[in-house]
Amino acid sequence: MEGKLIYFIQNEVSLAIKIGVATDPEKRLSMLQIGSVDRLKILGTMPGLQEKEAELHRQFAGIRIRGEWFRPEPPLMTFIQSYFDGKMAPFMKLVEHEPELLKLLEEARSITSRPKFCANEVWYGYPGSGFQGIKTRLTRLVGFYRESGRHPVLSTSQAYDVAYETIYEALPDCKEGCACQCVMAVLMGY
Ligand SMILES: [Zn+2]
């Protein structure tokens, strides 16, 4: 079977992104360039066939412009940035099985810091914090307590650790005087 690649080609003016599949994405780019006034560039490629392409099209259906073109918005941008960041490879393997994990990562990345910001408040969703804890939702997707049944990859403790660390790391750090430091202060008696 011939090797194929999924490509992400971006229009440098509209920033729209085309997700397609080709044997030679560079060649595909030059063909697409002929029909386009705007400059196009390849953001990246990954191994995959038509099925994988269709799966990605479904995953990002909410931001589809038309055909194979998508708006450059968080779910897709987070996916692309994470996929092409080598450190993120183990996490992106999990996303292949459970796309909802990407939404949690996106949510964590979208949270902005502020004075007394508390990462753990967002993570655990302390009562009264106004945050729906991320950890609770993570637990439903990956690890031993995964809700939709056992999965050879997702139900492992390694998968849980990878997802936990990656998403937690994406949160801004706790700031001086944050809620968890107050809780610790009470527990430790100072
Ligand atoms: Zn904190």
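1. Lys18 has Trp69 as its bridge partner in β5. The pairing concerned is that of β2 with strand β5 (residues 69-70), which is antiparallel and runs over 2 bridges. This is a predicted model, and everything below should be read as a description of that model.

2. On the β1 side, strand β2 (residues 17-22) is joined to strand β1 (residues 5-11) by 6 bridges, again in the antiparallel sense. Two residue pairs fix the register: Phe8 is bridged to Ile19 of β2, and Gln10 stands opposite Ile17 in β2. The two strands form a hairpin with 5 residues between them. Within that turn, Leu15 has a positive phi of about 70°.

3. The pairings add up to an open sheet of 5 strands, with antiparallel pairing and the order β3-β1-β2-β5-β4. Its edge strands are β3 (40-47) and β4 (64-66), each of which pairs on one side only. Helix α2 (residues 50-59) packs on the sheet and touches β1 and β2. The direction of α2 makes about 165° with that of β2. Helix α3 also packs on the sheet, where α3 touches β1, β2, β3 and β5; the direction of α3 makes about 65° with that of β3.

4. For the chain as a whole, the count is 9 helices and 5 strands. Read from the N terminus, the elements follow the order β-β-α-β-α-β-β-α-α-α-α-α-α-α. The C-alpha trace spans about 70 × 40 × 25 Å along its principal axes.

5. The domain assignment divides the chain into domain 1 (1-73) and domain 2 (85-190). Taken over C-alpha atoms, the centres of domain 1 and domain 2 are separated by 31 Å. Helix α3 (74-83) is one of the elements that supply at least two residues to the largest nonpolar core, which is taken up in point 7.

6. Helix α3 also meets α5: their axes come within 10 Å and cross at roughly 95°. Angles of 65 to 115 degrees count as roughly perpendicular, and α3 and α5 are therefore roughly perpendicular to each other. On the α3 side the contact is made by Pro74, Pro75, Thr78, Phe79 and Ser82. Helix α5 contributes Leu102, Lys103, Leu105, Glu106, Arg109 and Ser110.

7. The largest nonpolar core has 36 residues. Leu94, Leu101, Val142, Ala163 and Ile167 are the residues with the most contacts inside this core. At least two core residues come from each of β1, β2, α3, α4 (89-97), α5 (100-110), α6 (119-124), α7 (134-141) and α8 (157-169). The core also draws at least three residues from each of domain 1 and domain 2. In soluble globular proteins, nonpolar side chains tend to be buried together.

8. Ala163 can serve as an example from that core. Apart from neighbours within four places in sequence, Ala163 is in contact with Phe91, Leu94, Leu101, Leu138 and Val142. Leu94, Leu101 and Val142 are themselves among the residues with the most contacts inside the core.

9. Two totals complete the note. Of the 190 residues of the chain, 23% count as buried. Among contacts with a separation of 6 or more, 63% are accounted for by residues 24 or more positions apart.

Notes. Residues are numbered from 1 along each chain as its sequence is written. This is a predicted model: local features need pLDDT of at least 70, side-chain atom pairs count only at pLDDT 80 or more; totals for chains, interfaces and linings use all residues. Domain bounds come from an automatic or database domain assignment. Two strands pair if DSSP finds at least two bridges between them. Helices (H or I, at least four residues) and strands (E, at least two) are DSSP runs, numbered from the N terminus. A nonpolar core is a set of buried Ala, Val, Leu, Ile, Met, Phe, Trp, Tyr and Cys residues joined through C-beta atoms within 7 Å. A residue is buried if 20 or more other C-beta atoms lie within 10 Å of its own, exposed if 12 or fewer, and partly exposed in between; C-beta atoms are placed from the backbone. Two residues are in contact if their C-beta atoms, placed from the backbone, lie within 7 Å. Axes are lines fitted to C-alpha atoms, for helices over the stretch in contact, and angles run from 0 to 180 degrees between N-to-C directions. Angles under 35 degrees count as roughly parallel, over 145 as roughly antiparallel, 65 to 115 as roughly perpendicular and the rest as oblique.
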